[in-house]
2 protein chains.
Amino acid sequence: MRISTKGRYSVTAMLDLAIHDKAGPVTLADISQCQGISLSYLEQLFARLRKSGLVKGVRGPGGGYRLARPAAEINIAEIICSVDETMDVTRCKGEGNCQNGEKCLTHELWATLSNRLHEFLSGITLAQFVERPGIPELSMQRDKMIGRFLLAKKQAAAINRGVFKNTTDIAGNDLHNLKSN
Amino acid sequence: MRISTKGRYSVTAMLDLAIHDKAGPVTLADISQCQGISLSYLEQLFARLRKSGLVKGVRGPGGGYRLARPAAEINIAEIICSVDETMDVTRCKGEGNCQNGEKCLTHELWATLSNRLHEFLSGITLAQFVERPGIPELSMQRDKMIGRFLLAKKQAAAINRGVFKNTTDIAGNDLHNLKSN
DNA sequence: CAATTCCTGACTAAACTAGTAGGTTAATAA
DNA sequence: TTATTAACCTACTAGTTTAGTCAGGAATTG
């Protein structure tokens, strides 16, 4: 496991998705502007997130990205691993021949530490962050302030088209069961 | 906080130091050979560890590196931070102006996660790993197997010179109070 | 004295980061 | 139907970091 800016960008973007998940897809252009990350770079990161089955893209106007699973079922370790391909844990590459055909001790110790770190990050879900008290209100307030009108517009349009009639999208997770690309 | 191979190398090397601390200084050449890390690269890493006050060097024949403090007082986060200079946590660099003069939400969330990670790694000491059952025995056994005779020789020589008479070096931590470079 | 080992600085190939550029494809709105 | 939107894809790139080499100097020991 390795944690760099790449992983941080991805976690940040995924949190953004999780916060706005109920309002429909979030465009990369939106995230790019809000978080100060270049659009093309975001596209590269999201290509990996998509391949890992963490997000799904919705094309066309009103499209964007949304979580492929409920926020409660996505943990931080997954996100980081999908963009920062795990670095080789040991020098001997599993062969374990660094000490006369046996694994040397420190490798084993490091592997243990590495596992513990992974377990720790696996235990933290996106939902845990989004559901902290005050976050939804703050989020909505700030989106209005900065000009994320797109989401509001999209949501209104969707309601007009009757999109929300047959799903519980606005309230939660049912949409996650729909088929994707 | 960022975790890369650099940090892994350092943690691995520090664990090696901790394991052999009772037998006296460990040479970088030793670690280099055992862990498969180039000597000069190790020297660069140890320059930082030394500046951070985590290790101290002992020059001359029979010299090497040893922990500057007892293994129980050195945690993993310190080691990683001393070689992998902490990356900037947020885009707005503490100015918090990324959303109309306010910190944007995800930055705050990421900062929280980052802190939790740091706390987690701070809570793990070198001693916790070294003192796991069976480690000292395994360590000694393997050192003999692979040809870490240097340590044995050094230790014998030290005993002959009476080095261990006035300290509890062979048993523990008293040597840590001696002055260094 | 010679050998050992830390210590320092300059240099470098390869990899990674963070982006740019220039498209194509699918869905929606006019 | 046509224009627009936004995902999706590929190739390229300046700058940084990684992981290392090389060449020497300084302290300590035998």
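**View 1. Leu45(A), Arg48(A) and Leu49(A) of α3(A) meet Ile79(A), Ser82(A) and Val83(A) of α4(A).** Contact here means heavy atoms within 4.5 Å. By class, the residues of this contact are four nonpolar, one polar and one charged. Ala, Val, Leu, Ile, Met, Phe, Trp, Tyr, Cys and Pro count as nonpolar; Asp, Glu, Lys and Arg count as charged; the others, Gly among them, count as polar. The model is predicted: local features need pLDDT of at least 70, side-chain atom pairs count only at pLDDT 80 or more, and totals for chains, interfaces and linings use all residues. Residues are numbered from 1 along each chain as its sequence is written, chains are lettered from A and ligands numbered from 1 in the order in which they are written, and side-chain values use heavy atoms, with hydrogens and water left out.

**View 2. Geometry of the α3(A) and α4(A) pair.** Helix α4 of chain A spans residues 76-83. Its axis lies 9 Å from that of α3(A), at an angle of about 115°. Axes are lines fitted to C-alpha atoms, for helices over the stretch in contact, and angles run from 0 to 180 degrees between N-to-C directions. The crossing is right-handed. A crossing is left-handed if the near helix is turned anticlockwise from the far one by less than a right angle, and right-handed if clockwise.

**View 3. The β1(A) and β2(A) hairpin.** Strands β1 (residues 55-58) and β2 (residues 64-67) of chain A run antiparallel and are joined by four bridges. Two strands pair if DSSP finds at least two bridges between them. Helices (H or I, at least four residues) and strands (E, at least two) are DSSP runs, numbered from the N terminus. Gly57(A) faces Tyr65(A) in β2(A). Five residues lie between the strands, and Gly60(A) in this hairpin has a positive phi near 80°.

**View 4. The β1(B) and β2(B) hairpin.** Four bridges pair β1(B) with β2(B) in the antiparallel sense. Lys56(B) has Arg66(B) as its bridge partner in β2(B). Val58(B) is partnered by Gly64(B). The hairpin has five residues between its strands. Gly60(B) takes a positive phi near 85°.

**View 5. The protein surface near DNA strand C.** A residue is near a strand if one of its heavy atoms lies within 4 Å of it. There are 29 residues around DNA strand C, and Thr5(A), Ser40(A), Tyr41(A), Arg59(A) and Tyr65(B) come nearest. Sugar and phosphate make up 67% of the atoms of DNA strand C that come within 4 Å of the protein. The surface residues are eight nonpolar, 13 polar and eight charged.

**View 6. Polar contacts to DNA strand C from both chains.** A polar contact is a pair of N or O atoms within 3.5 Å; within protein, one must be able to donate a hydrogen and the other to accept it, and residues adjacent in sequence count only if both atoms are side-chain atoms. Thr5(A) places a polar side-chain atom 2.4 Å from a phosphate oxygen. For Lys6(A), a side-chain N or O atom is 2.9 Å from a phosphate oxygen. Glu43(B) has a polar side-chain atom 3.1 Å from a base nitrogen. Two or more residues of this surface come from each of α1 (5-19) and α3 (39-51) of chain A, and α3 (39-51), β1 (55-58) and β2 (64-67) of chain B.

**View 7. Protein around DNA strand D.** The strand is surrounded by 27 residues, with Tyr65(A), Thr5(B), Ser40(B), Arg59(B) and Pro61(B) the closest. The surface residues are eight nonpolar, 12 polar and seven charged. Arg59(B) has a side-chain N or O atom 2.7 Å from a sugar or linking oxygen. Tyr41(B) brings a polar side-chain atom to 3.1 Å from a phosphate oxygen.
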